[in-house]
Amino acid sequence: MIVWRFVCNFVWLKCNITNKRSIMDKYKHRINFRIEKRKGKSDSDEMPINADITFGGKRVWYYIGYRLQPSKWDSEAQRVKRNNFNADGVSASEINTRIAKVEVAIHEAFNQLELEGEEVSPAIIKEKVKGILNEEKSSRLTVAEVYQLLIDEREKEIKETPATAQWSKGTLTKHKTMLRHLKEFRSGVYFEDINDEFLAKFELALIAKGLSNNYTHKSMMDIKTFLNWATKKGYNKNNAYQAYQQRFRDETKADSTVNLYALTPEELQSIMIFPTGRKAIDRTRNVFVFACYTGLRFSDVMNLRWVSVSAMAH
């Protein structure tokens, strides 16, 4: 009788351990980031970057939102090679940051499912990861695509109900121009990519086109108007743009008396102590720093003579 009871307990214990292992194995997973391979495509063609997730004999692919030429991909590190960009101008560091976010979200998805004791399937994993990343299906439209939706909506109002339209024809034209600027800067960007770095680069890109401070300032305000609309409509769940401080101000306003191109004391100090290793550059740097401290134009500095210094001293 004692032996029989011992056997029963042993069998129960072994079954219980096996069952626990089976439950734990259900949530074991592996992640590999890969460039998608398609027949008939060359190394110069950009292909989607996917997270290849395997678990319990099953597999699911999760598109990270970026494409890349295979030659720019480091298969061993599973990251974009340094100092590379894709066709949309997205840098290696930005894409690699996105990859890291997706990787963390996938691990978190499995952890949550294990804590909740839920079943695991490819569809459930995908939806769980989207939820953690705040990426519903609607948010996978690019920023440019959603911007076009707003423009189409306002244009329809102007045509059908001009008396109550929220935009004038001039405002419509202005936003169409902004959409063109955005597409030229980066066409395939998603809402989750809109942050301080992106907005700062876009603002500088407008200035680089030769656009005025006033135009750039108003253009960035238009972008914020669009992002507010996209947030209200549920397309955007990333509120990072709300804290962005525009670099270039509207100079036509009374409170815009600051020299927007002035260096901060810290920036000027960094220039002063930066080791160039070349005497010619050091001399040029000294002239620039002298001009900063005296407020003289470069041409005035170059026209200075020792007699001028003596005259000022008296």
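## Exercises: odd angles and empty spaces

Gln 78 is buried, with a relative accessible area of 18%. (Buried means under 20% relative accessible area, exposed over 50% and partly exposed in between, using a 1.4 Å probe and protein chains only.)

Before you start: this is a predicted model, where local features need pLDDT of at least 70, side-chain atom pairs count only at pLDDT 80 or more, and totals for chains, interfaces and linings use all residues. Residues are numbered from 1 along each chain as its sequence is written, and side-chain values use heavy atoms, leaving out hydrogens and water.

**Exercise 1.** Find where Gln 78 sits and work out what sign its phi has.

*Solution.*
- Step 1: Look in the loop between β4 (73-74) and β5 (79-80), and there's Gln 78. (Strands are DSSP runs of E, at least two residues, and helices are runs of H or I, at least four, numbered from the N terminus.)
- Step 2: Check the angle. Gln 78 isn't a glycine, yet its phi is positive, about 55 degrees.
- Step 3: Compare with the usual pattern. Most residues other than glycine have a negative phi.

**Exercise 2.** Now try Asn 83: is this residue buried or exposed?

*Solution.*
- Step 1: Go to the loop between β5 and α2, where Asn 83 lies.
- Step 2: Read the accessibility. At 72%, Asn 83 counts as exposed.
- Step 3: Look at phi too. Asn 83 has a positive value of about 60 degrees, although it is not a glycine.

**Exercise 3.** Decide whether Ile 273 is buried or exposed.

*Solution.*
- Step 1: Find helix α8 (residues 265-273), which contains Ile 273.
- Step 2: Use the cut-offs. With 59% relative accessibility, Ile 273 comes out as exposed.

**Exercise 4.** Which helix gives the most residues to the lining of the largest pocket?

*Solution.*
- Step 1: Get the terms straight. On a 1 Å grid over the protein atoms alone, a cavity is a set of points where a 1.4 Å probe fits but cannot get out; a pocket is an open set with protein on both sides within 12 Å along at least five of seven lines; lining residues have an atom within 4 Å of a point. Points are joined across faces, edges and corners, and a volume is the space filled by probe spheres set on them.
- Step 2: Note the volume of the largest pocket, about 430 Å³.
- Step 3: Count the lining. There are 22 residues, and Arg 98, Lys 101, Glu 192, Asp 193 and Asn 195 lie nearest the centre.
- Step 4: Pick out the elements that give two or more residues: α2 (92-116) and α6 (196-208).
- Step 5: Choose the winner. It's α2, with five residues.

**Exercise 5.** Which strand gives the largest share of the lining of the second largest pocket?

*Solution.*
- Step 1: Start with the space, about 310 Å³ for the second largest pocket.
- Step 2: Go through the 16 lining residues; closest to the centre are Arg 34, Ile 35, Glu 36, Lys 37 and Pro 70.
- Step 3: Name the strand. β1 (residues 30-35) gives four residues, the largest share.

**Exercise 6.** How many cavities of 30 Å³ or more does the structure hold, and which residues line the largest cavity?

*Solution.*
- Step 1: Count them. There's one.
- Step 2: Give the volume of the largest cavity, about 50 Å³.
- Step 3: List the lining: Val 143, Leu 182, Ile 194, Phe 198, Leu 199, Ile 223, Phe 226 and Leu 227.
- Step 4: Spot the elements giving two or more of these lining residues, α6 and α7 (213-232). The biggest contribution is from α7, with three residues.
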